[in-house]
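Q: Please take a close look at the interior of this model for me. I am new to it, so go step by step.

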Amino acid sequence: MELALIGFAVLLFLAFVGVPLAFATLAVGFFGIMYMRGLDAALAVSSQWMVDTATNYNLSIIPLFVLMGALIHRSGISKDLFDASYAWFGRFRGGLALSGVLSCAGFAAVCGSSLATAATMTRVAIPPMRSFGYNDGFSAGTIAAGGTLGIMIPPSVPLVIYGIVAGQDIGVLFIAAVLPGIMLVCLFMLVAAIVTTIRPDYGPAGRAMRLADMLRASYATWPVIILFGVVLGGIYSGIFTPTEAAGVGCAGAFVFGVFRGHFLDLESLRGVFEETVKTTAMIFAIVFTALILAQFVNLTGMPHELREMILGWGLGPIGLVLMICAICVLLGMVFESIGILLLLIPVFLPALGAVGVDLIWFGILVIIVIELGLISPPIGMNVFTVKAVAPEIPLGSIFMGVLPYIVAMVVGGVLILMFPQIATLLPDAMR
């Protein structure tokens, strides 16, 4: 176990000094196996796991959902989502912040990535907020927090990864995430309303629109509603497997884009595929290398020793879950969500099983906790993403802007702990 802890310490050091997570993870995993079993064993184990993972049919869902998000993004539907939300809520104080949260939720329903949601909606939502005199830090904090919905509202790439690693049904996880996702949207909108009530200068009211204009703006969002309904409804009804649903979603996103005048030439399609390949390569690089690290950790005996240690402590299910949540928050300040899942779940899975934790419920809770880490100082990944897209907004202002949403996420996590039915109600109805 000591060797595994040394490996994690080296990994954290490499991440802090700027080594990309995939390379840092590969270095620790490969050299750890080599130290324990020799160079030949390290080469054999690493190559075998990469081949087995690359040919895993279940993982084909990831590039498909990434492709669907890229098609939707380049179809201009992200702006339609914001415009529709603004049409209904813009007239109220803080209405553009409410619109930002709703449009993030809408984009998350066809994206699956927190960072992509934050980056896309920053480009769409920050300019109109600024034009109406919104506080920059509050605006950026709202979008950074709203972007975290990308990994909660299905389809979610981290939920796919969690399902594969924990051996849980991906479709059931998607269904389980629906109510918690709606809960977080409501909490974020409540926070935006409270902040702008206390500080009216942070979010002045926007322009009121006629009912005809409101309905027209809402009509433009029908592709997202249909795609979300087909993908999730197909999984829920058993018509599609999650992978088949992802393929259907891609085909639907492409057709909607063509109807809107996009993807009619090879150059536009090339941009979509380049974006998909780059994102998929990044995700798979982390997946491959994290599995190699997991093999090193297994060789050290850490999961078994940790299981025995936790049983000896008598923490119980809630105590163990709270301990894992605390670690997730700390890692979320440094790593992306997929890296956290692949680093922690294989290590703690035996202990979670030993104390009888519901792994569907735990998967939803751990995603909320990872979301919390993505906007927590000092290194909230979503905050830095928003900063990269809007460099003129001071980093400190963005962190101040996300603080109320951190409170909302903590409340959401507590509600999931106190009322597990929020995450288990729909999955239980499926069974």
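A: Start with burial. Of the 431 residues in this predicted model, 55% count as buried. The accessible surface comes to about 17,200 Å². Carbon and sulfur atoms hold 71% of that surface.

Next, the frame around the interior. The chain has 22 helices and zero strands. Its radius of gyration is 22 Å, close to the 22 Å that the globule rule gives for 431 residues, so the chain is as compact as a globular protein of that length. Along its principal axes, the C-alpha trace spans about 70 × 50 × 45 Å. Contacts reach far along the sequence. Among contacts with a separation of 6 or more, 80% join residues 24 or more positions apart. Charges are part of the picture too. There are 17 positive and 21 negative ones, and their mean positions lie 13 Å apart.

Now go into the core. The largest nonpolar core has 152 residues. Which of them touch the most other members? They are Ile-62, Leu-352, Phe-362 and Ile-375. In soluble globular proteins, nonpolar side chains tend to be buried together.

Take Ile-375 from that group. Leave out residues up to four places away in sequence, and its contacts still include Ala-144, Ala-145 and Thr-148. Gly-380, Asn-382 and Val-383 are also on the list. So are Phe-399, Val-402, Tyr-405, Ile-406 and Met-409.

Tyr-405 leads on to another residue. It is touched by Ala-192 as well. Ala-192 sits in helix H11, residues 178–198. Is Ala-192 buried or exposed? Its relative accessibility is 0%, under the 20% limit, so it counts as buried. Besides Tyr-405, Ala-192 touches Ala-97, Leu-98 and Phe-138, again with residues up to four places away set aside. Ile-367 is a useful marker for distance. It is 175 residues from Ala-192 in sequence and 22 Å away in space, C-alpha to C-alpha.

Ala-97 and Leu-98 bring us to Ser-99. This serine lies in helix H6, residues 95–108. Its relative accessible area is 0%, so Ser-99 is buried. Beyond its neighbours within four places, Ser-99 is in contact with Phe-82, Ser-85, Tyr-86, Phe-89 and Gly-90.

Val-347 is another buried residue. It belongs to helix H18, residues 337–354. Its relative accessibility is 6%, again under 20%, which means it counts as buried. Val-347 and Val-297 are 50 residues apart in sequence. In space, their C-alpha atoms are 7.6 Å apart.

For contrast, turn to Asp-201. It lies in the loop between H11 and helix H12 (211–219). What is its relative accessible area? The value is 44%, so Asp-201 is partly exposed. Leaving out residues up to four places away, Asp-201 touches Gly-133 and Asn-135. Ser-85, a contact of Ser-99, is 116 residues from Asp-201 in sequence and 21 Å from it in space, C-alpha to C-alpha.

One loop deserves a last stop. Pro-155 is found between helix H8 (136–147) and helix H9 (157–166). The peptide bond from Pro-154 to Pro-155 is cis, with omega near 0°. Most peptide bonds are trans.

How values were computed
Residues are numbered from 1 along each chain as its sequence is written. Side-chain values use heavy atoms; hydrogens and water are left out. A nonpolar core is a set of buried Ala, Val, Leu, Ile, Met, Phe, Trp, Tyr and Cys residues joined through side-chain atoms within 4.5 Å. Buried means under 20% relative accessible area, exposed over 50%, partly exposed in between (1.4 Å probe, protein chains only). Contact means heavy atoms within 4.5 Å. Helices (H or I, at least four residues) and strands (E, at least two) are DSSP runs, numbered from the N terminus. The radius of gyration is taken over C-alpha atoms; the globule rule is 2.2 Å times the number of residues to the power 0.38. Accessible areas come from the Shrake-Rupley method with a 1.4 Å probe; for residues, only the protein chains shown count as cover. Lys and Arg count as positive and Asp and Glu as negative; His and the chain ends are not counted. The place of a charge is taken as NZ of Lys, CZ of Arg, CG of Asp or CD of Glu.
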